[in-house]
Amino acid sequence: SLMKDQVDNLEKKGIVDAVTINGLLSPIERAEAIERVENGLASILYVAPESLRSKTIERLLIKRVIARFVIDEAHCFSAWGQDFRVDYLYIGNFIRESCFTATAKQKVISDIKEYFKEKLDLDLALYTSGAGRKNLRYEVLYKESDEEKYTTLRWLIEQKNCPTIVYVSRTKR
């Protein structure tokens, strides 16, 4: 759904040559997206790393001249991410350019650079910026009881007319 959001947001800005191929598409939508990539109507393709092991996607990518691969969530190259998204380790078979992450600590950056050096003999350039985001607002709401937490969460969801991310200390509860 995040890839679809990216495509939808690009379309709102008048960029109509982006598609996504993912498991949420119907067979007809998938065939249309593949056709758009094959015939050159789509020049931006969003796929999950798991898709790069698909023969269909492999054949599709081989037919095109690819100027750049951009890898979101690149911190998954790090040791901890390999347990979570092991398919990131297969990306090196397809790429030669760049990857991006907004959350990498220094150890994770080292893991990413080491992966590309070892896998593709590439020395990645590092581009960094601050963590401040004008479009995000952070707020800590401390609540004592579970009931108070639940009531506040329900109120936030009902009152906010915008995307909201809630971080909690324990997902089980």
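The exercises below, each with a worked solution, go through a predicted model of one protein.

## Exercise 1. Overall layout

State how many helices and strands the protein has, and in what pattern they follow one another.

Solution.
1. The protein contains 6 helices and 2 strands.
2. Along the sequence, these elements are arranged as α-β-α-β-α-α-α-α.
3. Of the 173 residues, 25% are buried.
4. The protein exposes about 13600 Å², and 53% of this area is supplied by carbon and sulfur atoms.
5. Among contacts with a separation of 6 or more, 58% join residues 24 or more positions apart.

## Exercise 2. Confidence

Find where in the protein the confidence is lowest and where it is highest.

Solution.
1. The average pLDDT of the protein is 80, and 86% of the residues score at least 70.
2. Confidence is lowest in helix α4, residues 79-84, with a mean of 58.
3. It is highest in α2, at 92.
4. Where pLDDT is low, predicted coordinates should not be read in detail.

## Exercise 3. The largest nonpolar core

Determine which residues have the most contacts inside the largest nonpolar core, and which helix supplies the largest share of this core.

Solution.
1. The largest nonpolar core has 23 residues.
2. Ile 21, Ile 71, Ile 112 and Phe 116 have the most contacts inside this core.
3. At least two core residues come from each of α2 (27-38), α3 (55-62) and α5 (106-120).
4. The largest share, 5 residues, belongs to α5.

## Exercise 4. Ile 21 and Ser 51

List residues that Ile 21 touches, then decide whether Ser 51 is buried or exposed.

Solution.
1. Leaving aside residues up to four places away in sequence, Ile 21 touches Arg 30, Ala 33, Ile 34, Leu 45, Tyr 46, Val 47, Ser 51, Ile 57 and Leu 60.
2. Ser 51, one of these residues, sits in the loop between β2 (44-46) and α3.
3. The relative accessible area of Ser 51 is 17%. Buried means under 20%, so Ser 51 is buried.
4. With residues up to four places away in sequence again left out, Ser 51 touches Ile 21 and Ile 57.

## Exercise 5. Two salt bridges within helices

For the pairs Lys 4 with Asp 8 and Asp 111 with Lys 107, explain how far apart the partners are along their helix.

Solution.
1. A salt bridge joins the side chains of Lys 4 and Asp 8, at 2.7 Å from N to O.
2. Lys 4 and Asp 8 are 4 residues apart in helix α1 (residues 2-12), so about one helical turn separates them.
3. Lys 4 is partly exposed, at 45% relative accessibility, and Asp 8 is also partly exposed, at 25%.
4. In the second pair, the closest N and O atoms of Asp 111 and Lys 107 are 2.6 Å apart.
5. Asp 111 and Lys 107 are 4 residues apart in helix α5, so these two are likewise separated by about one helical turn.
6. Asp 111 is buried, with a relative accessible area of 12%, whereas Lys 107 is exposed, at 55% relative accessibility.

## Exercise 6. The loop between α5 and α6

Place Asp 121 and Leu 124 in the structure, and name the residues that salt bridges join into one network with Asp 121.

Solution.
1. Asp 121 is in the loop between α5 and α6, and Leu 124 lies in that loop too.
2. Asp 121 is exposed, with a relative accessible area of 56%, but Leu 124 is buried, at 17% relative accessibility.
3. Leu 124 is 12 residues from Ile 112 in sequence, and their C-alpha atoms are 8.8 Å apart.
4. Most residues other than glycine have a negative phi. Asp 121 has a positive phi of about 55° although it is not a glycine.
5. The side chains of Asp 123 and Lys 117 form a salt bridge at 3.4 Å, N to O.
6. Asp 123 is exposed, at 64% relative accessibility, and Lys 117 is partly exposed, at 36%.
7. Through salt bridges that share partners, Lys 117, Asp 121 and Asp 123 belong to one network.

## Exercise 7. A surface patch

Identify the residues of the nonpolar surface patch that includes Val 166.

Solution.
1. The patch is formed by Leu 153, Ile 157, Val 166 and Val 168.
2. Together these residues have about 340 Å² of accessible area.
3. Val 166 is in the segment after α6 (146-159).
4. Val 166 counts as partly exposed because its relative accessibility is 44%.

Conventions. Residues are numbered from 1 along each chain as its sequence is written. Side-chain values use heavy atoms; hydrogens and water are left out. A nonpolar core is a set of buried Ala, Val, Leu, Ile, Met, Phe, Trp, Tyr and Cys residues joined through side-chain atoms within 4.5 Å. Buried means under 20% relative accessible area, exposed over 50%, partly exposed in between (1.4 Å probe, protein chains only). Contact means heavy atoms within 4.5 Å. Patches are made of residues with over 30% relative accessible area and no salt bridge: like charges are joined within 9 Å, nonpolar side chains (Val, Leu, Ile, Met, Phe, Trp, Tyr) within 5 Å. Accessible areas come from the Shrake-Rupley method with a 1.4 Å probe; for residues, only the protein chains shown count as cover. A salt bridge is a side-chain nitrogen of Lys or Arg within 4 Å of a carboxyl oxygen of Asp or Glu. pLDDT is the predictor's confidence in each residue, from 0 to 100.
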